[in-house]
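Trainee: Could we go through this one together? I would like to learn how each label is earned.
Mentor: Gladly. Have a look, then ask away.

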Amino acid sequence: MQPPPETRRDAAENAQWSRPECQVWTGTLLLGTCLLYCARVTMPVCTVAMSQDFGWNKKEAGIVLSSFFWGYCLTQVVGGHLGDRIGGEKVILLSASTWGSITMATPLLAHLGSAHLVSMVFSRVLIGLLQGVYFPALTSLLSQRVRESERAFTYSTVGAGSQFGTLVTGVVGSLLLDWCGWQSVFYFSGGLTLLWVCYVYRYLLNEKDLILALGVLAQGLPVARPSRVPWRQLFRKPSVWAAVCSQLSSACSFFILLSWLPTFFKETFPHSKGWVFNVVPWLVAIPASLFSGFLSDHLISHGYGTITVRKSMQVMGLGLSSVFALCLGHTSSFLKAVVFASASIGLQTFNHSGISVNIQDLAPSCAGFLFGVANTAGALAGVVGVCLGGYLIEATGSWTCVFNLVAVISNLGLGIFLVFGKAQRVDLSPAHEDL
């Protein structure tokens, strides 16, 4: 028998973090997201150097870069569902401890035998599997622990870690690459992740709860907090499909740029400094992400409709960002290329305050699961998009087609969300759907 809505609402409020707790966890998760991306973008930063060492062509480099998404797309729904049931913070900690270890071991794996391509693909698939649970578990955690009026800013702040992590790897990774070789970049990002895991385990998590979560995962037993996902109810709603399509397009276009921008700059402007194009776009993206979250919550608090604000954020995050991506394919100026890349990447952070929070609007009780479904679609599209990008570059010798691909994917998702997107809850019974 289901408890009445009032009882469920009171229980949800009691589970929310206090303001000091929210501040501590926001900072910690910001750092966690930063380290997630440090590990993720290590391979794109090192691809050129590794290709020279191992003799990879563009197609083979594209296979290595895209192999991350082969694993990433398989654990999205699992990560969200586990986050809804045992707590997103536990899922995040357990996965981070493993992906950090594999990242540190990547140089060793690369030199175990002569099949360098196979071993690198294998390691990237494993890291993708482990990182795939992060954002669905994060979405589940924030939907349960953060007040609705503060979700956009909190999510945008934590999401800024993706740009900050890319920035850190761009700065430190470029220097380490020049001074110590590509192996040192993997040691750096993996080692920092393991230090973060030790901090969270020692100071923020209840050891008994973590042991219980490990037992649940090991034995596959039911957990104390059951979670019945209303599958049919969710996927009968056009607004849910609009959210999935928009998340798919935003994830795919971002993954294509994330994977290929370093190679684009290295080949198009061979005498440019790596720390410039690996740093400036992400340096711009950090304040852009924070601003988008602040602006979104500010507009809603001043009476603007939630869905109006979400759609406005998506116009910036998908529509305007794709215009600057198109410009990248039509310039021969290094300065203009950096400006266009910075604008495109910076504007894409508005997706954090648009579609990412809209999923929490639609189904806060199972937001992790729904985000997992949407991000699975995005990861699958990312596999195809990154591989297709490598094929198009190899076949045409031009980067313009890659940026055209980004623009087409972005605007398809934007159009669907503008027409069908809504912000009313769809995870409640029809009688309470407008709560």
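Trainee: Why are tryptophan 182 and phenylalanine 186 separated by about one helical turn?
Mentor: Both belong to helix H9 (residues 182–203) and are four residues apart there, so about one helical turn separates them. Keep in mind that this is a predicted model.

Trainee: What makes tryptophan 182 and phenylalanine 186 an edge-to-face pair?
Mentor: Their ring centres are 5.9 Å apart, and the limit for a pair is 6.5 Å. The planes stand at 85°, and edge-to-face asks for over 60 degrees. In total, the structure holds 26 aromatic pairs.

Trainee: How do you know that tryptophan 182 counts as buried?
Mentor: Buried means under 20% relative accessible area, and tryptophan 182 has 3%, so it counts as buried. Phenylalanine 186 has 1% and is therefore buried too.

Trainee: Why is the pair of phenylalanine 291 and phenylalanine 350 called edge-to-face?
Mentor: The centres of these two rings are 6.5 Å apart, with 65° between the planes. A pair needs centres within 6.5 Å, and edge-to-face needs over 60 degrees, so both conditions are met.Trainee: What makes this pair a tie between parts that are 59 residues apart in sequence?
Mentor: Phenylalanine 291 lies in helix H14 (residues 280–301), while phenylalanine 350 is in the loop between helix H16 (334–348) and helix H17 (355–362), so the pair ties those parts together.

Trainee: Are phenylalanine 291 and phenylalanine 350 buried or partly exposed?
Mentor: Phenylalanine 291 has a relative accessible area of 46%, which makes it partly exposed. Phenylalanine 350, with 7%, is buried. The cut-off for buried is under 20%, and partly exposed runs from there up to 50%.

Trainee: Which residues do ring pairs link into a cluster?
Mentor: Tyr37, Phe68, Tyr72, Trp99, Tyr134, Phe135, Phe254, Phe255 and Trp282. Tyrosine 37 also has the charged end of arginine 40 over its ring.

Trainee: How do you know that the charged end of arginine 40 sits over that ring?
Mentor: It is 4.4 Å from the ring centre of tyrosine 37. The distance limit is 6 Å, and the charge must also be within 35 degrees of the ring normal.

Trainee: What makes serine 321 buried?
Mentor: Its relative accessible area is 1%, and the cut-off is under 20%. Serine 321 is placed in helix H15 (residues 306–328). Leaving aside neighbours within four places in sequence, it contacts Met316, Ser344, Leu347 and Gln348.

Trainee: Where does a polar atom of the side chain of serine 321 find a backbone oxygen?
Mentor: At glycine 317, whose backbone oxygen lies 2.7 Å away from that polar atom. A polar contact allows up to 3.5 Å.

Trainee: How do you know that helix H12 is largely enclosed by the rest of the structure?
Mentor: Of its 31 residues, 24 are buried, so that description follows. Glutamine 247 is found in H12 and has a relative accessible area of 5%, so it is buried. Not counting residues up to four places away in sequence, glutamine 247 touches Ile355, Ser356, Phe371, Ala374 and Asn375.

Trainee: Where in H12 is there a kink?
Mentor: At tryptophan 260, shortly before proline 262, with a bend of about 45°. From first C-alpha to last, H12 (residues 238–268) reaches 43 Å, close to the 45 Å expected at 1.5 Å a residue.

Trainee: What covers the buried residues of H6?
Mentor: The cover includes helix H2 (19–54), helix H3 (58–72), helix H5 (88–110) and helix H7 (134–145). Among the buried residues of H6 are Met120, Val121, Arg124 and Ile127.

Trainee: How do you know that threonine 400 touches Gly329?
Mentor: Contact means heavy atoms within 4.5 Å. The side chain of threonine 400 reaches the backbone oxygen of glycine 329 at 3.0 Å. The C-alpha atoms of the two residues, 71 residues apart along the chain, are separated by 4.2 Å.

Trainee: Why is valine 172 called partly exposed?
Mentor: Its relative accessible area is 27%, and partly exposed covers the range between 20% and 50%. Valine 172 is placed in helix H8 (residues 151–180).

Trainee: How many helices and strands are in the chain?
Mentor: There are 19 helices and zero strands. Of the 435 residues, 57% count as buried.

Terms used. Residues numbered from 1 in each chain as written. Predicted model: local features only at pLDDT ≥ 70, side-chain atom pairs only at ≥ 80, totals over all residues. Heavy atoms only, no water. Phe/Tyr/Trp six-rings, centres within 6.5 Å; stacked < 30°, edge-to-face > 60°. Helix = DSSP H or I, 4+ residues; strand = E, 2+ residues; numbered from the N terminus. Buried < 20%, exposed > 50% of the residue type's maximum accessible area, 1.4 Å probe, protein only. Polar contact = N/O pair within 3.5 Å; in protein donor to acceptor, adjacent residues only side chain to side chain. Expected span 1.5 Å × (residues − 1). Bend = angle between axes of the 7 residues up to and from the residue.
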